[in-house]
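Please go through the model shown below with the following questions in mind. They move from the whole chain to single residues.

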Amino acid sequence: INYLLGHVYFNYSDNNNLYVSETIDREVNDDIKMRYYLNDGILNIQPSASGRRNYSKANRDLLIKVPTSYSLDLININSVSSNIAINIDSSEYKINTVSGSIELRTSKFNKITCNVVSTDTEINILDDIGVKVDFDTGSGKLTNNISLVDENHLIKYNSVSGNLLIKH
């Protein structure tokens, strides 16, 4: 997912269908609306038609609903200033953003990588598992409420000034 402005939400769907939708708070040209395509089992989402940079300062919400029967290998998000809320499981998460917030709820994962500038992040681990944390920051703060260390569940967080909260 490449999404520059707005909010990005991941949730499970109520049925066996995958949904991708965008809501925008005002009327905009079709060429600045979100684009998506499926290629070899990989869902790609772009913020607009190729070459467009003007997003009309509209408030945008991107919603992705995934069936519970799907097994996801990777969620990869590149953003500039989006609030990101993920409430589904994946083996790996890669999130790169400048600002906004990240809220991630997962019951199982192998690796979470966040490269941020001034983003505050909350990772809520739903299962009773341990984590290994690699936290690199200029002035951010780490709060890790999980005392058990497990090398199989790595959280790598690189930040200029963003805070990271890890909890059950």
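The questions and answers that follow treat the overall fold, the nonpolar core and then a few individual residues.

This is a predicted model, in which local features need pLDDT of at least 70 and side-chain atom pairs count only at pLDDT 80 or more, whereas totals for chains, interfaces and linings use all residues. Residues are numbered from 1 along each chain as its sequence is written, and side-chain values use heavy atoms, with hydrogens and water left out.

Q: How many helices and how many strands does the chain have?
A: Helices (H or I, at least four residues) and strands (E, at least two) are taken as DSSP runs, numbered from the N terminus. Read from the N terminus, the elements run β-β-β-β-β-β-β-β-β-β-β-β-β-β. The count is therefore zero helices and 14 strands.

Q: What is the radius of gyration of the chain, and what does the globule rule give for 168 residues?
A: The radius is taken over C-alpha atoms, and the globule rule is 2.2 Å times the number of residues to the power 0.38. The C-alpha trace spans about 50 × 40 × 25 Å along its principal axes. The chain is as compact as a globular protein of that length, because its radius of gyration is close to the value from the rule: 16 Å, against 15 Å.

Q: What percentage of the residues of the chain count as buried?
A: Buried means under 20% relative accessible area, exposed over 50%, and partly exposed in between, with a 1.4 Å probe and protein chains only. The areas come from the Shrake-Rupley method with a 1.4 Å probe, and for residues only the protein chains shown count as cover. The chain exposes about 9100 Å², of which carbon and sulfur atoms supply 44%. Of its 168 residues, the buried share is 36%.

Q: Which strand supplies the largest share of the largest nonpolar core?
A: A nonpolar core is a set of buried Ala, Val, Leu, Ile, Met, Phe, Trp, Tyr and Cys residues joined through side-chain atoms within 4.5 Å. The largest such core has 32 residues, of which Ile-1, Val-8, Phe-10, Leu-62, Ile-64 and Ile-86 touch the most other members. The largest share of this core, four residues, comes from strand E6 (residues 74–86).

Q: Where does Ile-64 lie, and how many Å separate it from Val-20, C-alpha to C-alpha?
A: Ile-64 lies in strand E5 (residues 60–66), and it counts as buried because its relative accessibility is 1%. Contact means heavy atoms within 4.5 Å, and beyond residues up to four places away in sequence Ile-64 touches Ile-1, Val-8, Tyr-9, Phe-10, Asn-11, Leu-18, Tyr-19, Val-20 and Ile-45. Ile-64 and Val-20 are 44 residues apart in sequence, and their C-alpha distance is 4.6 Å.

Q: Is Thr-106 buried or exposed?
A: Thr-106 is found in strand E8 (residues 101–106). Its contacts, not counting residues up to four places away in sequence, include Ile-88, Asp-89, Tyr-93 and Asn-124. Asp-89 is 17 residues away in sequence and 5.2 Å away in space, C-alpha to C-alpha. Because the relative accessibility of Thr-106 is 0%, this residue counts as buried.

Q: What is the relative accessible area of Lys-132?
A: Lys-132 is found in strand E11 (residues 132–137). Not counting residues up to four places away in sequence, Lys-132 touches Val-149, Asp-150, Glu-151, His-153, Leu-154 and Ile-155. Lys-132 is partly exposed, because its relative accessible area is 33%.

Q: Which residues is Arg-52 in contact with, leaving aside its neighbours within four places in sequence?
A: Arg-52 has its place in the loop between E4 and E5, and it is partly exposed, with a relative accessible area of 26%. The C-alpha atoms of Arg-52 and Ile-32, 20 residues apart along the chain, are separated by 6.5 Å. With the sequence neighbours left aside, the contacts of Arg-52 are Asp-31 and Ile-32.

Q: What is the phi of Asp-40 near?
A: Asp-40 lies in the loop between strand E3 (35–39) and strand E4 (42–46), and it is exposed, with a relative accessible area of 76%. Most residues other than glycine have a negative phi. Asp-40 has a positive value, near 50°.
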